[in-house]
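Q: Could you take me through one part of this model in detail? I'd like to see how a single strand and the loop after it sit among their surroundings.

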Amino acid sequence: MTSAPRIPPAPSGLFHGPLHLFPVRIYFEDTDLSGVVYHANYLRYMERARSDMLRLAEIDQRSANEAGEGAWAVTDLAIKYRLPARLDDELLVESHMIAVRGASVQIGQSIRRGDDVLTEGQVTAAFVSPEGRARRQPEGWAERFRAIMNASRPGMDETL
């Protein structure tokens, strides 16, 4: 009996200084009838990048949720569309911390194709209890976010 092939881990992007860089390729399913990326998909790419940024920063959202501590909820979102992405484009989502508070974070993001900025956005997420009330982030999370913001985390330029 042969063993199953080892499946590599899903890509999580990497930190480069205070930036989290997350690559995205555009597939046919991402586009609309006109052949450009459907507008809501840019939000999906940004969400994936933010989630993987947290994963690389060792912020375990799943464990916090399963332990009944709470979860992140988007409380404010702004997005500006500049240029369209098309089938097979290779994009890069850049994310950076803007502000860290006891119960919330503000993250700026852009989606680029080479030197062109296609989309820019800013999101505020609050950590909320299972009942939906804002509460302090779990211990250590705010410090990790500040370390990202200040690019002081060891190994920041490494792919994880």
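A: Happy to! Let's start in the loop that links β2 (19–25) to α1 (39–56), where Asp30 is placed. Keep in mind that this is a predicted model. Asp30 is buried, yet it has no salt bridge. The nearest side chain of opposite charge belongs to Arg48, 5.6 Å away; a salt bridge would need a side-chain nitrogen within 4 Å of a carboxyl oxygen, so this pair does not qualify. What does Asp30 touch, then, leaving aside its neighbours within four places in sequence? Its contacts are Arg25, Val36, Val37, Tyr38, Asn41 and Tyr45.

Now step back into strand β2, where you will find Pro23. Unlike the buried Asp30, Pro23 is exposed, because its relative accessible area is 51% and the cut-off is over 50%. Not counting residues up to four places away in sequence, Pro23 touches Gly13, Leu91 and Leu92. For a longer view along the chain, Pro23 and Asp116 are 93 residues apart in sequence, while their C-alpha atoms lie 15 Å apart in space.

From here we can follow the strand pairing. β2 runs antiparallel to β4 (residues 90–100), and 6 bridges join them. Within this pairing, Phe22 has Val93 in β4 as its bridge partner. β4 also pairs with β5 (residues 104–113), again in the antiparallel sense, over 8 bridges. There, Met97 stands opposite Ile107 in β5. The link from β4 to β5 is a hairpin through 3 residues.

Methods: Residues are numbered from 1 along each chain as its sequence is written. This is a predicted model: local features need pLDDT of at least 70, side-chain atom pairs count only at pLDDT 80 or more; totals for chains, interfaces and linings use all residues. Side-chain values use heavy atoms; hydrogens and water are left out. Helices (H or I, at least four residues) and strands (E, at least two) are DSSP runs, numbered from the N terminus. Buried means under 20% relative accessible area, exposed over 50%, partly exposed in between (1.4 Å probe, protein chains only). Lys and Arg count as positive and Asp and Glu as negative; His and the chain ends are not counted. Contact means heavy atoms within 4.5 Å. Two strands pair if DSSP finds at least two bridges between them.
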